[in-house]
Structures are given as structure tokens and as C-alpha cells.
Amino acid sequence: MAITLLQARVQLPDPQDCTDNADTLALLEAVFDPLVRRGAGGAFEPALAESWTVAADARRWRFRLRPGLRFHDGSPLDAEAMRYSIERMKRPDVGATLGAPAVWGQYLSGADIVAEDNLTLAITLAEPMADLLDILVSGYALPPHAADMAGFRSAPFGSGAYRIEKLEQGKEIRLSANPDWWGRAPANPHIICRQEGDPALRLRALVNGECAIAARLGPTEASALASVSGFTARRHIDPTAIIYLLNTTKGAFRDPRVRRALNLAVDREALIKEVLDGGGQALAGFISPSHFGSPAHAPAEKPDPEAARRLLSEAGHGNGLTITVDCPTRLPDEAEALTAALARQLAGIGIKIETQLVKDRVAYAEQVRAKAIHDMCLFDSSPMSTFRVLREKIDSRIAGSWWQGYANPEIEALIDTARITPDQGAREKLYQRCFRILQTDPAWLTLYNHTRWIGLAGRFPDWRPRSDGILDIAGLPELG
């Protein structure tokens, strides 16, 4: 019997595109395999590679593949196929996201990738990168004889726990278990993934027995499900951080005191209650609690309007300040309501907001990437990689796609040290220091993570979603 999963999006892009969409990632991870993948607690675990080593210089990596791996069509998945797949990630036409091209290429450019034998892949990087696994977790193995052929996008295949039996982009994907998968056989051999954009309708279908899983429910749906017997609702934090990027190249936010005042002025819990109906968790810093290097149990800062006013006065804005804020109409869905609520809060310390709405979300991303924002803009920070967040959005020497002028030499020195520190514990402490520095010298106005719920038909007291918020379809309990 096939199990039906409802989620907001059923879309398979190029498997090596850079995406943060949780629904898309759930499908990609069901059909394709990388060398390593994130486990339930966030740590990297073996996938196609049963083991790996990294040299002390953090440049030379070696991966030992599992023997006997095959793609869904029966062709061998050996070190040469994996070499092709990682080389493909380097290409300028691969890895795009929201107008930012070749996301993976910026990390893999210049790397020497060699299949030393059928089961051994060696990667020598042009520069040290102790966080290479953050990149390779998105390096899905693709069949060299098919991935770039016409028609692959309409009938894709990989080596994952499930094979695609039928694909209707934006509507439905039918999956059947891969009998030759290297991992534990999925508890649900047949899955139908259907698109339903309305969380209320996903909940209704679950309660009415029309589906067995409803992904990414909100607080209203979760509360309603809790009142119905025979169902399981599991809460998880979406690690995507909802933030406002601050223009530090000109205007008031060049002054760190004004940036700090902004963060002190905001009542994050009140914003979550007002615009999310309580469905969020206040951010304590620039990354979520699920991120590597986020200090354990770091509390979100309590609002301190008096301290904020004092800092504004010291910065020469004792008589008030007017800022222009760019705001999209979606992504996040609450964008307009959030900006309006923020304006009401900031008015209390003498900051007036003038809002510039942008309806075209792709054009909005291009505006941000072109560094053409006004004083600040509503955005998000989605990579699960702390290293990527720091490099692409914080490091002034890189001036990445989403960087808006911030510079802190101490942060940049810590990034450099982290790059050459393969030891996980030592590198984690370096990122924790970055976290604390960015609390006192913020690059952004940090607000919250969304909370989501997964609804299951049946009682499953021991099942928990992954910490990164991606639904592990192959790891679901038996739902039939």
C-alpha cells in the first residue's frame, strides 16, 4: 500500500542546485545520495562514503566508498562516478540559487579530484577548508552517462533509498523503495508525495485519512491536531534565520552603536506572538541553535529600550532617526506584517521606518546581491553551514552575494583559523567566539527561526524529526 505525504512543494530541480527549500531537500535526499549526510542530531554520518580522512593541512581529503554501489538503472557508482559528480559541482552553470551563480564553484574551484581506485576518491583543495563536508553534503552522486543528457530532468535517477516511478513537477511524485540501497530498507516501500500549499488543507487531509504525513504545519494546525486522538505531531525548528540585512557601507548603520541599538530595541517574543501566532523561536545570534558552533542554550537577548536610546544618543541620533527598509511581499510569508510590527516597536526609541515594498521576489534577491538596498532589508540566512554563513555574508574580504559592507577583523581572523582546524571541537569553539562577537557587534538585525510541526497518522512516541528540519522520508516509521 502506498503512503501519501502532503507538503507545500513537490518540485525536483537539478539535484546539484543550491536550495534551502525543506520540501525539495526531503525529495532530493530520498532519491539521491551524497558522500556524507547529516544525521538526526546534525553531525555528519557515512552515506556513499563509509569512511573519510582529512590531513592536518585541511586541504587533502580522502573518501572510501562502500563496495558494490549502483545507481537505480544498475550502472556502477564507483569513485569515477563520484569524481564526475563533484567535478560537475564546480561548473559555472551548476549550483545557482536566487540569481547567485555557481555557489559550489566558489568553494571547489581549483580542487584536484582524483579516483585513485574504484573505491577511493581523493580531493586536494586549492586552499584549506576544514568544513568541506558542509559543501559535499549537497554533492549528490549523479550518473555520468545520463545526468547531462536531454530528458534527465523529466526522469531523474540517483542511488538513494527510493526510485522515482512517476514525476509530475508541482503536483506529484511517486516513489518506490530501492531494493539495492546500501542503507536500512525504508519502513514504507511506496510513497506518494503530493503538493498542497495550504497547511490547513494538509491538516484536513491528514485527519480525514487522505494522507499519512502532513509536513510543515503551523501552530494553528498543530494545536488543532493535538485535540484529535490517534495522531502524532512533532515540533522542530526551521534553521533558516529571519533577519534584516543592514547596509553598513553608508548611512546610520555604518556605526556599530546604531546596529547594536537596533538589536537591543526589538522585542522578539512580541514579534513572534504578533506575526507568527507564537510559531517561532527568538534568535540568540546570527545562526540557529541547530548550527555547528552555536553555544548551547544561548538565550535570546531581552529588549532594553533604555540602552538602545543611550546608544543612539551617543551616535548622534538623540533626536530620532529615519531609515528606509526594503521589504518583499513573500519569503517569508509574514514579510509585510513583520515590517509593520517592527516599525511600531522601533518608534518607541525614536526610529521611524519608511518601507519600500518589492513584489518580484527574484528581482528583490537581485537587488540584495547587487548591494543596492536602502538602509536595511528583510531577508533570511538559510545555509546549515556556519562556515558558509560567515564566508558568504560576513567576511568583507570575500564580499559574497549577500554581504552588505560589514567588516570585523577579529571575525575574519577566526574564520582563517577555522579553515585550517580539522579538529571538530577546536573549530566549534572558534565559531562560538564568532557567535559572541556578532552579538556585541552585529552585522544584522536578528529576529527568529520559524517553528514547524510534522503530523503523522498514528502514535509514534519515539520518532523525532531531524534537527535540520529536513524530513527524512527513508527514516519514517511504518505508517501503513
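Here is a short chat about two packed helices and one pocket in a predicted model.

Biologist: How are α7 and α9 oriented to each other, roughly parallel or roughly antiparallel?

Modeller: Helix α7 covers residues 256-265 and helix α9 covers residues 305-314, and their axes sit 8 Å apart. The angle they pack at is about 160 degrees. Angles over 145 degrees count as roughly antiparallel. So α7 and α9 are roughly antiparallel.

Biologist: Okay, and is the crossing of α7 and α9 left-handed or right-handed?

Modeller: The angle and the distance between axes are how two packed helices get described. Handedness adds another detail here: α7 passes α9 in a crossing that is left-handed.

Biologist: How many residues of the contact of α7 with α9 are nonpolar?

Modeller: On the α7 side we find Arg 257, Val 258, Arg 260, Ala 261, Leu 264 and Ala 265. They meet residues of α9, including Pro 305, Leu 311 and Glu 314. In that contact 3 residues are charged, no residues are polar, and the nonpolar ones number 9.

Biologist: Now the second largest pocket: which element gives the most to its lining?

Modeller: This pocket holds about 600 Å³ of space. Among its 29 lining residues, Arg 37, Trp 181, Asp 472, Ala 474 and Gly 475 are the closest to the centre. The elements giving two or more residues to the lining are β2 (36-38), β3 (44-46) and α1 (22-31). With 3 residues, the one that gives the most is α1.

Biologist: And how many residues of that pocket's lining are charged?

Modeller: Let's split the lining of the second largest pocket by type. There are 17 nonpolar residues and 3 polar ones, and the charged ones number 9.

Key:
Residues are numbered from 1 along each chain as its sequence is written. This is a predicted model: local features need pLDDT of at least 70, side-chain atom pairs count only at pLDDT 80 or more; totals for chains, interfaces and linings use all residues. Side-chain values use heavy atoms; hydrogens and water are left out. Axes are lines fitted to C-alpha atoms, for helices over the stretch in contact, and angles run from 0 to 180 degrees between N-to-C directions. Helices (H or I, at least four residues) and strands (E, at least two) are DSSP runs, numbered from the N terminus. Angles under 35 degrees count as roughly parallel, over 145 as roughly antiparallel, 65 to 115 as roughly perpendicular and the rest as oblique. A crossing is left-handed if the near helix is turned anticlockwise from the far one by less than a right angle, and right-handed if clockwise. Contact means heavy atoms within 4.5 Å. Ala, Val, Leu, Ile, Met, Phe, Trp, Tyr, Cys and Pro count as nonpolar, Asp, Glu, Lys and Arg as charged, and the others, Gly among them, as polar. On a 1 Å grid over the protein atoms alone, a cavity is a set of points where a 1.4 Å probe fits but cannot get out, and a pocket is an open set with protein on both sides within 12 Å along at least five of seven lines; lining residues have an atom within 4 Å of a point. Grid points are joined across faces, edges and corners, and a volume is the space filled by probe spheres set on the points.
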